[in-house]
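The following exercises concern the architecture of a two-chain model and the packing of its helices. Each task is followed by a solution in steps.

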Amino acid sequence: MKWSALRGFNPWVIVFVGMALFHLWRGSIEDILVFGIAALVILTQVFGFTTFGFKSQPQFGIVPIAVVVIASGLVMFFTERHGSWNWFVILAYIPIGILLLFHTDAKSQLVPTRQVLRSRWIWAIWALGFALVELVAYLGSKVYDDLETFPTISVLLDPIIDTPFGRAVFVVFWLVSGVYLFGVKRR
Amino acid sequence: MNWPLAIISSYVIFILIGLALGAVGRLRPDKLAPLGELVENIMQHRITRIALFMVWWWLGWHFMVGVTVR
């Protein structure tokens, strides 16, 4: 066990272990599974149990990426929401994610500039603030059993995504952000 | 206290702050790193890659497959 890994402690560990425990308290089986498994995978990384992986990120051309993204988008838009086709598409992204992200970290890494460090902190505080508002709404909705007075993001977005326009916007946003984060060069 | 107004306004304010931060990164990269540079930097670490992927994947699952509202 490499305890020295704790020296460069990654805050995502706390986020995921915390989320897994939170969903355990909520009693949401599927969210416990998703965040619990993710927390375990992340912990195996922290303690150095799984250091294997591709030497670098596999590169794909724009055509195969576009085919996968457009096909997914069409299925997610035209088939029943919460239906088996959406289930199939979303699950198919797990092996794709493993393929794209499970490469080992480069030996020499970019040293973050002052601007990057500042940006990291500001975005982390922003995310924390956003999560705090969501938490207040969630706790309020549970304590008073009132989703209208304490609307969470899910409550607000659910009826919007049920409309064709809302669903199109969500699907495009989800797929484009996925390509931006995991699939292609960003600069 | 008008809770719905306070909560929804807070969401909107945070979204606007996010857009403003993105714009500052693009317009003043000497002050704040653009989002692309930030993502490039943090994605060097496998833990962060896994974490970001799971957050992204869960959003798709939560809104398109799983139970969105209980």
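Domain bounds, as used below, come from an automatic or database domain assignment. On that basis, chain A is assigned domain 1 (1–51), domain 2 (55–104 + 165–187) and domain 3 (115–151). The model is a predicted one.

**Exercise 1. Describe the secondary structure, the extent and the domains of chain A.**

Step 1. Chain A contains seven helices and zero strands. Read from the N terminus, its elements follow the order α-α-α-α-α-α-α.

Step 2. The C-alpha trace of chain A spans about 50 × 45 × 35 Å along its principal axes.

Step 3. Domain 2 of chain A is assigned two segments, 55–104 and 165–187. Between domain 1 and domain 3 of chain A, the C-alpha centres are 20 Å apart.

**Exercise 2. Describe chain B, and compare its radius of gyration with that of a compact globule of 70 residues.**

Step 1. Chain B has three helices and zero strands, and its elements run α-α-α from the N terminus on.

Step 2. A box of roughly 40 × 30 × 15 Å, taken along the principal axes, is filled by the C-alpha atoms of chain B.

Step 3. The radius of gyration of chain B is 16 Å, whereas a compact globule of 70 residues would have one near 11 Å.

Step 4. The division of chain B is into domain 1 (1–32) and domain 2 (36–70). The C-alpha centres of these two domains of chain B lie 20 Å apart.

**Exercise 3. Determine how α1(A) and α2(A) are oriented to each other, and identify the residues that meet.**

Step 1. Helix α1 of chain A (residues 12–26) and helix α2 of chain A (residues 29–46) have axes that come within 8 Å and cross at roughly 150°.

Step 2. Angles over 145 degrees count as roughly antiparallel. The helices α1(A) and α2(A) are therefore roughly antiparallel to each other. Their crossing is left-handed.

Step 3. From α1(A), the residues in the contact include W12(A), F16(A), M19(A) and L24(A). From α2(A), they include I32(A), F35(A), I42(A) and L43(A).

Step 4. By class, the contact of α1(A) with α2(A) comprises 14 nonpolar, two polar and two charged residues.

**Exercise 4. Analyse which residues and helices of chain B form its side of the contact with chain A.**

Step 1. The contact involves 58 residues of chain A and 45 residues of chain B.

Step 2. On the chain B side, at least two residues each are supplied by α1 (3–27), α2 (35–42) and α3 (46–64). The most comes from α3(B), with 17 residues.

Step 3. The side of chain B that touches chain A is made up of 28 nonpolar, eleven polar and six charged residues.

**Exercise 5. Establish the orientation of two helix pairs between the chains: α2(A) with α3(B), and α5(A) with α2(B).**

Step 1. The axes of α2(A) and α3(B) are 10 Å apart, at an angle of about 175°. That makes α2(A) roughly antiparallel to α3(B).

Step 2. The helix α2(A) brings V34(A), A38(A), V41(A), I42(A), Q45(A) and V46(A) to this contact. On the side of α3(B), the residues are R46(B), I47(B), I50(B), A51(B), M54(B), W58(B) and W61(B).

Step 3. The contact of α2(A) with α3(B) has eleven nonpolar residues, one polar and one charged.

Step 4. For helix α5 of chain A (residues 114–143) and α2(B), the packing angle is about 90° and the axes are 10 Å apart. Angles of 65 to 115 degrees count as roughly perpendicular. The helices α5(A) and α2(B) are therefore roughly perpendicular to each other.

Step 5. In this pair, V116(A), S119(A), R120(A) and W123(A) of α5(A) meet E37(B), L38(B) and N41(B) of α2(B). The residues of the contact of α5(A) with α2(B) are three nonpolar, two polar and two charged.

How values were computed
Residues numbered from 1 in each chain as written. Chains lettered and ligands numbered in written order. Predicted model: local features only at pLDDT ≥ 70, side-chain atom pairs only at ≥ 80, totals over all residues. Contact = placed C-beta atoms within 7 Å. Helix = DSSP H or I, 4+ residues; strand = E, 2+ residues; numbered from the N terminus. Nonpolar A, V, L, I, M, F, W, Y, C, P; charged D, E, K, R; others polar. Axes fitted to C-alpha atoms, helices over the stretch in contact; angles between N-to-C directions. Parallel < 35°, antiparallel > 145°, perpendicular 65-115°, else oblique. Left-handed = near helix turned anticlockwise from the far one by under 90°. Rg over C-alpha atoms; globule rule 2.2 N^0.38 Å.
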